[in-house]
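This report covers an internal cavity, two sheets and two loop residues of one protein chain. The structure comes first, and the text follows.

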Amino acid sequence: SPHTARLSPEGVLLRPIHATELLDCVVPRPPSRMSFSDSGAENHNISRRPHSRQQVSTPDAPPFVKQIKVVGHEKVGHQLTVLVDTNKEVEATSLCSWYAVAAEHRHCYPHHRTFLQTMGTTFIPSPHEVGQWIVAEFTPIDRHRLAGKTVIAFSSKRIRPNGPTTAYVCFVGEAREGQILTASVHNVPRVQLDHSEGHWYRGEQKVAVGRSAYWLEAADVGHCITFELAVQHPHCPPQLLCCTTDPVLGMTPEIANLVVMGQLCVGGELAVTYDYKGGLEGPTSLRWCRVRDEWSDTIAIGTSHIVLSPRDLGFHIKVVVTPISGEGTEGRPQVCITQQTIADHCGHGFGIVPTLSSTSLPL
């Protein structure tokens, strides 16, 4: 009915009243007590500020991010994408930067972070990021060039290798006295390698710690050199990588101070002396030749002295010494040739013969 009756406090029926007149009798409600919380953010109690209102987008207000998330497969070579939900449309020029954070430093972000790239809402991890968290930082910018608050999002998992890989270590260099032996580790993330310590052994004796290279000395000759590395994996027992050489060889033999002594005449005797370097000397090779212009003929092999014959008259004498170690390693030959030819008669006594000595002379 468009009309209703109104009763007095004593129950007496009074005059009729139109329903529309009831609107004037409605008592306004007091402000409600409201609160909201953003995922991962602190709760804000609005009841303490009755006149405050939720943030409303206006043309003059900067944009703000309502939700941000990094999606994709957290594996090397797979694309990660940052998804952003904003209160209004933002420009493609909104800033997006990508960082890597080690597992032990995630709680103290943004400290100890590693910059990866800026611009672009996608990122493809490389093997260098294996074992680390990926972080996207996003700053919204609207068409009025107003920038909002920067927000971050972590990947849901740490970056993993793309497919099964086997970590291993191998040596670079020759296992020989005087050489540098380098341990090359493969398929181990840098962040894990930095927290691992290598050990060098000569047989069963530990000779070096914490180095990736080892200089082989005389004491190593005849022994096997071993490198061990305990790779630290998060939440897993350490993985032991090991590599061992064959017995270390002596230094490559060398010939120095090659000298010819004697008399440069028919019937005279010539002898060769030299200094040998490179551990124990083996059957070093000696070869004597008579030389004229480009023609050469062998006189003797395997002896340190010769006696000149009439056939040597007018020739230069050349001796070639090739060092050979006791292990059979052959060094670079050293060549020595007399500056004068063989004379018919001996004018001088036994002494040092002037020669030209070099490793570059023809053999």
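The largest cavity in this predicted model is lined by Val260, Leu270, Trp288, Ile317, Lys318, Val319, Cys336, Ile337, Thr338 and Thr355. Its volume is about 30 Å³, and the structure holds one cavity of 30 Å³ or more. Two elements give two or more residues to the lining: strand E24 (316-322) and strand E25 (334-338). Ile317, Lys318 and Val319 fall within the range of E24, while Cys336, Ile337 and Thr338 fall within that of E25. By class, the lining comprises seven nonpolar, two polar and one charged residues. Lys318 is the charged member of the list, and Thr338 and Thr355 are the polar ones. As a general point, empty space of this kind is revealed by rolling a probe the size of a water molecule over the atoms.

**The chain as a whole**

The cavity belongs to a chain with one helix and 27 strands. Of the 363 residues in the chain, 33% are buried. Among contacts with a separation of 6 or more, 55% are between residues 24 or more positions apart.

**Two open sheets**

Strands of a sheet pair through backbone hydrogen bonds, either parallel or antiparallel. Two of the open sheets in this model are described here, beginning with the one of four strands.

The order in that sheet is E15-E14-E17-E18, and the pairing is antiparallel. Strand E15 (205-209) and strand E18 (239-244) stand at the edges; each has a single partner strand, so one side of each is left without a neighbour in the sheet. Neighbouring strands of this sheet are turned against each other by 25 degrees on average, with direction ignored. Inside the sheet, strand E14 (residues 198-202) and strand E17 (residues 225-231) run antiparallel and are joined by five bridges. In this pairing, His199 stands opposite Glu228 in E17.

The other sheet is open, has three strands in the order E12-E13-E16, and is also paired antiparallel. Its edge strands are strand E12 (168-172) and strand E16 (213-215), each of which pairs on one side only. The twist from one strand to the next averages 20 degrees. E12 and strand E13 (residues 180-186) run antiparallel, with five bridges joining them. Phe171 stands opposite Ala183 in E13.

**Positive phi in two loops**

Which residues other than glycine have a positive phi value? Arg145 is one, with phi near 65 degrees, and Asp293 is another, with phi near 55 degrees. Each is found in a loop between two strands, as set out below.

| Residue | Phi | Loop between | Relative accessibility |
|---|---|---|---|
| Arg145 | near 65 degrees | strand E10 (133-139) and strand E11 (151-154) | 55% |
| Asp293 | near 55 degrees | strand E21 (285-292) and strand E22 (295-301) | 74% |

Are these two residues buried or exposed? Exposed means over 50% relative accessible area. Arg145 is therefore exposed, since its relative accessible area is 55%. Asp293 counts as exposed because its relative accessibility is 74%.

Strand E21 (285-292), which precedes the loop of Asp293, also covers the position of Trp288, one of the residues lining the largest cavity.

Key:
Residues numbered from 1 in each chain as written. Predicted model: local features only at pLDDT ≥ 70, side-chain atom pairs only at ≥ 80, totals over all residues. Heavy atoms only, no water. Buried < 20%, exposed > 50% of the residue type's maximum accessible area, 1.4 Å probe, protein only. Pairing = 2+ DSSP bridges. Axes fitted to C-alpha atoms, helices over the stretch in contact; angles between N-to-C directions. 1 Å grid on protein atoms, 1.4 Å probe; cavity = no way out; pocket = protein on both sides within 12 Å on 5 of 7 lines; lining within 4 Å. Points joined across faces, edges and corners; volume = space filled by probe spheres on them. Nonpolar A, V, L, I, M, F, W, Y, C, P; charged D, E, K, R; others polar. Contact = heavy atoms within 4.5 Å.
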